[in-house]
Amino acid sequence: MRDNSRILTWVFIFAALASAAAVIIAALIISSRGRQPPPVATSVTPNISVYQFQVDADKPWQDTDIVISLGDRVTIQYVSGTWTGGIGAGQWYDAKGDMVARYKCAVEARDPSVCKEPMPNVYNGTLIGKVDDNLFEIGEYLQFTSSRTGNLFLRMNDQDEGLFDNQGSITVQISVQRPG
Ligand SMILES: [Ca+2]
């Protein structure tokens, strides 16, 4: 009996340590992913998945963790929120970008090769995306058939050095329709 209870005690201690380790590992995994939870499809039919994702103005390319495959029909739609690409300028806007300043580096700069925006031909402050090395302007709405395979990344069109004075975030809905 005494041996049995000792074994039980050790089993209990081992179980407690194992569950504590599991909690710590889970916390590390969650914190390493940043503050956004992994994408959860909010509405699923056999071949359509719908997600929501928050895009922060002051961060470079943000990984949605949504895998896009070649041939997928992708729809990205602005849902809510405002952001600014320069808090000092005082303009807040949605995914369309700064329609007051209407600044396109490739048009305004005397030498377009100095432009550091990800898409110098797109207005600053606009929502843009990429899959693999294929960049595209989104604004408030974009539907396309993907020519690439990879995770969907989103950000504001602003140069990395210019992110420090950005604020706000917008939420978008992303739907991915697999062919067939
Ligand atoms: Ca900025």
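**Working through a predicted chain**

Going from one end of the sequence to the other, you'll meet the pattern α-β-β-β-β-α-β-β-β-β-β. Keep in mind that this is a predicted model.

**Exercise 1.** Work out how many helices and strands the chain has, and why it counts as more spread out than a compact globule.

*Solution.*
- Start with the elements: the chain has two helices and nine strands.
- Next, look at the radius of gyration, which is 22 Å.
- Now compare: for 180 residues the globule rule gives 16 Å, and the chain is well over that, so it is more spread out than a compact globule.
- To picture the extent, put the C-alpha atoms in a box along the principal axes: you need roughly 85 × 45 × 30 Å.

**Exercise 2.** Find what share of the residues is buried, and what share of the contacts with a separation of 6 or more joins residues 24 or more positions apart.

*Solution.*
- Of the 180 residues in the chain, 21% are buried.
- Then take the contacts with a separation of 6 or more: 68% of them link residues 24 or more positions apart.

**Exercise 3.** Locate Asp-65 and Asp-132, and say whether Asp-65 is buried, partly exposed or exposed.

*Solution.*
- First, a reminder: most residues other than glycine have a negative phi.
- Asp-65 is not a glycine, yet its phi is positive, about 65°. You'll find Asp-65 in strand E3, residues 62-68.
- Count its neighbours: 15 other C-beta atoms lie within 10 Å, so Asp-65 is partly exposed.
- Asp-132 also has a positive phi, about 55°, without being a glycine. Asp-132 sits in the loop between strand E5 (127-131) and strand E6 (134-137).
- With 14 other C-beta atoms within 10 Å, Asp-132 is partly exposed.

Definitions and conventions:
Residues numbered from 1 in each chain as written. Predicted model: local features only at pLDDT ≥ 70, side-chain atom pairs only at ≥ 80, totals over all residues. Helix = DSSP H or I, 4+ residues; strand = E, 2+ residues; numbered from the N terminus. Rg over C-alpha atoms; globule rule 2.2 N^0.38 Å. Buried ≥ 20, exposed ≤ 12 C-beta atoms within 10 Å, placed from the backbone. Contact = placed C-beta atoms within 7 Å.
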